[in-house]
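This report examines one protein chain through its secondary structure, burial and strand pairing. The sequence and the coordinates are shown first.

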Amino acid sequence: MLSAPRASFALADARRSLEQSLRRLRTDYLDFLFLHEPDLAALGDGEMAGWLEAQRAAGTIRAFGLAGPAARVAPFVAAGHALAAVVQTQDSLAGREADFLINAGRPLQFTYGYLRGMPEERAAQADFMAALLAR
């Protein structure tokens, strides 16, 4: 069963979500913990980053970062925010939505959306995937 997206970035909610995820996954650590659809105003004070860093130091998570479309994640990248150390964002061959990372001197880390998109992109995507699979 998938959990519903959370709109709260309160530290108590983050703690509860992490504990629930660990229980459901039957593990004592996560490789990556992403805050989805971040809100810069709600996360600006550093409390969340400090808590996540403490979780990483304790071994509960291996890495943390932000996930979401460019409009939500780019302000964190531009500000050099600690939460944007690892970024997952949408990208496509035609739209190049993740170029904000490259333009900020950052590599693409986790991207999604290449295999879906507008009908006019599908031929380019099929050619791209065929070239990847031929390697």
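The sections below go from the whole chain to one helix and then to the strands.

**Overall composition**

The coordinates come from a predicted model. Six helices and four strands are found in the chain. Read from the N terminus, the order of the elements is α-β-α-α-β-α-β-α-β-α. Of the 135 residues in the chain, 31% are buried. The accessible surface of the chain is about 8,300 Å², and carbon and sulfur atoms account for 56% of that area. When contacts between residues at least 6 apart in sequence are considered, 52% of them join residues at least 24 apart.

**Helix α3**

Helix α3 spans residues 47-58 and therefore has 12 residues; the distance from its first C-alpha to its last is 17 Å, close to the 16 Å expected at 1.5 Å a residue. Which residues of α3 are buried? They are M48, A49, W51, L52 and Q55. These residues lie on the same side of α3 because they cover an arc of only 165° around the axis. A general property of the α-helix is relevant here: with 3.6 residues a turn, residues three or four places apart point the same way.

On the other side of α3, A57 and A58 are exposed. The thresholds behind these two terms are a relative accessible area under 20% for buried and over 50% for exposed. Just after α3, G59 adopts a positive phi of about 90°.

What do the buried residues of α3 pack against? Their partners are two helices and two strands, namely α1 (11-25), α2 (40-43), β1 (30-36) and β2 (61-67).

**Strand β2 and its pairings**

Strand β2, one of the elements against which the buried residues of α3 pack, is itself mostly covered, with six of its seven residues buried. Strand β2 pairs with β1 and is also joined to β3 (residues 87-90). The table sets out both pairings.

| Strands | Sense | Bridges | A bridge pair |
|---|---|---|---|
| β1 and β2 | parallel | six bridges | H36 and A67 |
| β2 and β3 | parallel | two bridges | L66 and V87 |

In the pairing of β1 with β2, A67 of β2 is the bridge partner of H36. For β2 and β3, V87 of β3 is the bridge partner of L66.

**Summary**

The buried residues of α3 share one side of the helix and pack against elements that include β1 and β2. Those two strands pair in the parallel sense, and β2 also runs parallel to β3.

Conventions:
Residues are numbered from 1 along each chain as its sequence is written. This is a predicted model: local features need pLDDT of at least 70, side-chain atom pairs count only at pLDDT 80 or more; totals for chains, interfaces and linings use all residues. Side-chain values use heavy atoms; hydrogens and water are left out. Buried means under 20% relative accessible area, exposed over 50%, partly exposed in between (1.4 Å probe, protein chains only). The arc is that of the directions from the helix axis to the C-beta atoms. Contact means heavy atoms within 4.5 Å. Two strands pair if DSSP finds at least two bridges between them. Accessible areas come from the Shrake-Rupley method with a 1.4 Å probe; for residues, only the protein chains shown count as cover.
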